[in-house]
Amino acid sequence: MSRPLYLARNRHVHSIATMVPKPPRMTLFRFPGVRHFSVSAVRREIRDIAALPDRIVPHYQQTKTSSLLSLIWPQPPRNVLLMPKLHAPHVIVSAAEFAKHIHSNYPGLNIVFESHVANTIHEQLSFPIYTAAPADATSLFANKIDLVTTMGGDGTILRAASLFSMHYQVPPILSFSMGTLGFLGEWKFQEYKRAWRECYMSGCSVSVEDLVGPHTQVAARQAANANLGSDSNKDDSTEQSPAWDAVRGNGQCMGLSRSSKILLRNRLRVGIYDAEGRNINQQLLPTSTAGPGGSIPEIDDITYPSARSATSTGGITKKAPIPYLHAINEVSIDRGAHPHLAIIDIYVNNHFLTEAVADGILISTPTGSTAYSLSAGGSIVHPLVKSLLITPISPRSLSFRPLVLPLNTKVVLRLSKRNRGRELPVSIDGKRRVAVSIGMEVRVEGEKLEKTVEHGWRGGVPCVIRSSSKGDTDGIAEDDDSWVGGLNGLLKFNYPFGGGDPEGQH
């Protein structure tokens, strides 16, 4: 190309370039006192739960208008165990959404998962999470967890309760129904923001409008003391923790006299004894301490409850014998794979009741009355009725009917010699199994709910209950609202054939 032509083309390009308007030059303004942030790597970490502070034990207080208890946090809960339904990817996604919400809006929370769940979900979260090795989960969860949140069906709630089956105190359980039936689940997941707020803030007894001056805070503390029935010498027991201040200002506090309601679900205390009368509960360990495909931990690696050294964190002592395990649903003994019926001698308060010839026997709680016992023909019992049920599974005699007994009844199931040397499986809440042979006993009694000075009540499984929308001043509607709704909506109680609504339904 000749030089004149090259220069001509260069001038043409230059002339076109000068016609294009240049973008305005940006000026960077720096404001004094403002910190300039930089983008850092996302922290997807799994940490050891042992580094977390010990659990906060809430108070459970009785009220005059309800048989349910009021949940009172002395300070905001810090360590929250999230338990999504296993083998359900859509529930894992919801669990991640829930974890992000509470981590962003409620400062100071430490979110905990079981080890196999943590390995699955931690890549979806931009903040550290905590877990424990399967062999240490039983003791560490009991010592560290303030609140449990389940996302699944009734089986997920049983899985949560089984983690604390060797301990006297169970953290409150907030349950979202995302399973098959969900009779025990109180909330739909779409309501998780409201449900969490009500549970977390239960005990923040000063409304946002009252945070004007010290005199209003003192008046609020006095009102809280009156609600708790405490005297003037116990002001420090209801002193509001400064940690509430971080969440009061964002409008989360529900105001005076507002608290979540707790249903203490009774448990059974179960002991397995060999023919010589020796306790062999160590052979019946919770399978939930092992992850999928994992093994059950060794006896020496687990701490067990001790009746002589009960503490506020569950009363555990190293390498002590297991006096009993707890069941929230039922204890069952059945014929297993054997073709012949099981033969079991039943004793009630040391008195011989009957020789049961059946597929098996169930000892159930009122909570378990809507589970296996219901399928076997047992009665439906309200969870506030302190009782236990004996339900035969397909008995040979038609006169063997289900029984409802007081909660403090001691029931013994002893394998009869007529079983021809067979071993029969015993199961607790469907989570633990062991084979028992002739002469061995399964001893069952209801767990005692003890009233304590420090925390109001000890024992049972505290479940957060949805507040009633009817506002009955007698408290009757509040106690029965979700239970009656579950009978009608989930179990289709007394629905006619053909799928129509029962006559007279309102």
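This briefing describes selected features of one protein structure, beginning with a central strand and moving on to helices, rings, enclosed spaces and backbone angles. The structure is a predicted model, and the values below were computed from its atoms. Strand β10 is a useful place to start, because 6 of its 6 residues are buried and the strand is therefore largely enclosed by the rest of the structure. Residue R269 of that strand also leads on to the aromatic rings, since R269 lies over the face of Y324.

**Strand β10 and its partners**

- Strand β10 covers residues 268–273, and both of its faces are covered, with L268, V270 and I272 buried on one side and R269, G271 and Y273 buried on the other.
- This arrangement can be read against a general pattern: in a regular strand the side chains alternate between the two faces of the sheet.
- One partner of β10 is strand β13 (residues 325–327), which pairs with β10 in the antiparallel sense over 3 bridges, and in this pairing R269 stands opposite H326.
- Another partner is strand β22 (residues 441–446), which also pairs with β10 in the antiparallel sense, here over 6 bridges, and V270 stands opposite V444 in that strand.

**Helix α4**

- Helix α4, which runs over residues 134–144, is mostly covered, with 8 of its 11 residues buried.
- The buried residues of α4 are A137, T138, S139, L140, F141, A142, N143 and K144.
- As a general point, an α-helix has 3.6 residues a turn, so residues three or four places apart point the same way.

**Aromatic rings and charges over them**

- The structure holds 10 aromatic pairs, and one of them is formed by Y168 and Y324, whose rings meet edge-to-face at 6.4 Å centre to centre with 80° between the planes.
- That pair links distant parts of the chain, as Y168 sits in the loop between α5 (154–162) and β8 (173–177) while Y324 sits in the loop between β12 (316–318) and β13, 156 residues apart.
- Y168 has a relative accessibility of 9% and so counts as buried, and Y324, at 11%, counts as buried too.
- Y324 has a further contact, with R269 of strand β10 lying over the face of its ring at 4.4 Å from the ring centre.
- A second arrangement of this kind involves R466, which lies over the face of W187 at 4.5 Å from the ring centre.
- Elsewhere, ring pairs link F98, Y106, F176, F189, Y192, W196 and Y200 into a cluster.

**The second largest pocket**

- The second largest pocket holds about 340 Å³ of space, and of the 14 residues that line this pocket, the closest to its centre are G185, E186, R466, S482 and G486.
- Helix α10 (residues 476–489) gives the most to the lining of the second largest pocket, contributing 4 residues.
- By class, the lining of this second largest pocket comprises 3 nonpolar, 6 polar and 5 charged residues.

**Cavities**

- As a general point, rolling a probe the size of a water molecule over the atoms shows where empty space is left.
- The structure holds 3 cavities of 30 Å³ or more, and the largest cavity has about 180 Å³ of space.
- Of the 19 residues that line the largest cavity, the closest to its centre are L263, R265, P383, S482 and W483.
- Two elements, β9 (261–265) and α10, give two or more residues to the lining of the largest cavity, and the largest share, 4 residues, comes from α10.
- The lining of the largest cavity divides by class into 10 nonpolar, 6 polar and 3 charged residues.

**Residues with positive phi**

- As background, most residues other than glycine have a negative phi, and most peptide bonds are trans.
- H87 is not a glycine, yet its phi is positive, with a value near 60°, and its place is in the loop between β4 (79–84) and α2 (89–105).
- With a relative accessibility of 75%, H87 counts as exposed because the cut-off for that class is over 50%.
- D429, which is likewise not a glycine, has a positive phi of about 55° and lies in the loop between β20 (424–428) and β21 (432–436).
- With a relative accessibility of 7%, D429 counts as buried because the cut-off for that class is under 20%.

Methods: Residues are numbered from 1 along each chain as its sequence is written. This is a predicted model: local features need pLDDT of at least 70, side-chain atom pairs count only at pLDDT 80 or more; totals for chains, interfaces and linings use all residues. Side-chain values use heavy atoms; hydrogens and water are left out. Buried means under 20% relative accessible area, exposed over 50%, partly exposed in between (1.4 Å probe, protein chains only). Two strands pair if DSSP finds at least two bridges between them. On a 1 Å grid over the protein atoms alone, a cavity is a set of points where a 1.4 Å probe fits but cannot get out, and a pocket is an open set with protein on both sides within 12 Å along at least five of seven lines; lining residues have an atom within 4 Å of a point. Grid points are joined across faces, edges and corners, and a volume is the space filled by probe spheres set on the points. Ala, Val, Leu, Ile, Met, Phe, Trp, Tyr, Cys and Pro count as nonpolar, Asp, Glu, Lys and Arg as charged, and the others, Gly among them, as polar. Rings of Phe, Tyr and Trp (its six-membered ring) pair if their centres lie within 6.5 Å; planes under 30 degrees apart count as stacked, over 60 as edge-to-face and the rest as tilted. A charge sits over a ring if NZ of Lys or CZ of Arg is within 6 Å of the ring centre and within 35 degrees of the ring normal.
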